[in-house]
Amino acid sequence: MHTLDLFADDRPDAGQREPLGAQAVVLRGYVLPGLPALWQTLQQLTAQSPFRIMQTAGGRSMSAALSSCGKLGWVSDSHGYRYAPRDPHSGKPWPTMPQTLFQLGQQAAAEAGFADFAPDTCLINRYLPGARMGLHQDRHERDYRQPIVSVSLGLPAIFQFGGLKRDAAVQRVPLFHGDVVVWGGVDRLRFHGVLPVKPGEHPLLGAQRINLTLRKAG
Ligand code: SIN
Ligand code: FE2
């Protein structure tokens with residue numbers, strides 16, 4: 001029965017920690033206890049700043065659709081990638097980051113050994129089946145001492161976690177609804193990406209995967 005997936009108790013691996021590096025870890029099922037409240041919050045946020053397909057600097061369309069909340073939001077267009085205080089579609093500030101999301105980020109970071117994480121942006125990525133994210137580094141943030149906290153919801157995906165150089169060996173890590181990955185410190189600039197999401201139907205989110213990336217950008 002699909003509906004059983006909604007409850008943390010059904011994930012025998014919930015609560016497990018899987019190290020991906022000296023300062024990188026997967027926290028299995030970490031956000032499951034806060035669902036579906038988190039899902040409701042996300043629906044409100046993306047009603048205010050809807051998902052949109054952004055263009056890369058090279059003029060290609062990204063396959064994942066993006067939104068943001070917080071003081072800053074991640075934007076990409078023909079001028080390149082950057083953080084901006086306003087949603088370019090509406091011209092208005094991004095929706096405020098809900099306290100619950102801030103705390104979730106802080107707690108997950110602390111759990112992974114990073115005290116004092118103070119995220120000022122949450123990127124919200126939506127992957128419909130077939131969407132992917134090419135290998136990249138998160139390097140447009142000011143302070144690399146602050147970690148990255150990445151939350152997976154909905155359909156599963158294979159997360160690629162590489163090295164500090166693009167051509168280094170890549171670990172393939174399946175991520176499921178409720179999992180959180182935290183990387184920072186010596187692992188802060190590791191290349192990472194997401195393989196194309198396979199078609200499927202998640203009991204709570206339907207035919208999509210949502211990824212939240214909490215960061216301190218400014
Ligand atoms: C990203 O690196 O921006 C997204 C990672 C993910 O979707 O898991
Ligand atoms: Fe990233």
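The following legends describe close-up views of a predicted model.

**Figure 1. Coordination of the iron ion (ligand 2) by protein side chains.** His136 and His192 each contribute an NE2 atom and Asp138 contributes OD, at 2.1 to 2.2 Å from the metal. Along the sequence, the spacing of these donor residues is H-x1-D-x53-H. Asp138 belongs to the loop between strand S8 (133-136) and strand S9 (148-154), whereas His192 lies in strand S13 (residues 192-194), so this pair ties together parts that are 54 residues apart in sequence.

**Figure 2. Geometry and burial at the iron site.** The arrangement around the iron ion (ligand 2) is irregular because its 4 donor atoms subtend angles of 89 to 176°. A tetrahedral assignment would require all angles to lie between 85 and 135 degrees, and the upper value of 176° falls outside that range. Asp138 is buried, its relative accessible area being 3%. His192 also counts as buried, at 5% relative accessibility.

**Figure 3. Surroundings of ligand 1.** The residues around this ligand are Asn125, Tyr127, Met133, His136, Ser150, Phe159, His192, Val194, Arg209 and Asn211. Polar side-chain atoms of three of these residues are shown with an oxygen atom of ligand 1: that of His136 lies at 3.1 Å, that of His192 at 3.0 Å and that of Arg209 at 2.9 Å. Ligand 1 taken alone exposes 260 Å², of which the protein buries 98%. His136 and His192 are also donor residues of the iron ion (ligand 2).

**Figure 4. The aromatic pair of Phe159 and Trp183.** The structure holds 4 aromatic pairs, including the one in this view. The ring centres of Phe159 and Trp183 are 5.7 Å apart and the ring planes meet at 40°, so the pair is tilted. Phe159 lies in strand S10 (residues 157-161) and Trp183 in strand S12 (residues 180-183); the pair thus links distant parts of the chain, 24 residues apart. Phe159 is buried, with a relative accessible area of 4%, and the corresponding value for Trp183, likewise buried, is 2%. Phe159 is also among the residues around ligand 1.

**Figure 5. The aromatic cluster of Phe159, Phe161 and Trp183.** Ring pairs link these three residues into a cluster. The rings of Phe161 and Trp183 have their centres 5.8 Å apart and their planes at 65°, so this pair is edge-to-face. Phe161 in strand S10 and Trp183 in strand S12 are 22 residues apart, and their pairing links distant parts of the chain. Both Phe161 and Trp183 are buried.

Methods:
Residues numbered from 1 in each chain as written. Chains lettered and ligands numbered in written order. Predicted model: local features only at pLDDT ≥ 70, side-chain atom pairs only at ≥ 80, totals over all residues. Heavy atoms only, no water. Donors = N, O, S within 2.8 Å, 3.2 Å for Na, K, Ca; no water. Tetrahedral: all angles 85-135°; square planar, octahedral: opposite > 155°, others 65-115°. Helix = DSSP H or I, 4+ residues; strand = E, 2+ residues; numbered from the N terminus. Buried < 20%, exposed > 50% of the residue type's maximum accessible area, 1.4 Å probe, protein only. Near = heavy atom within 4 Å. Polar contact = N/O pair within 3.5 Å; in protein donor to acceptor, adjacent residues only side chain to side chain. Areas by Shrake-Rupley, 256 points an atom, 1.4 Å probe, with all protein chains shown as cover. Phe/Tyr/Trp six-rings, centres within 6.5 Å; stacked < 30°, edge-to-face > 60°.
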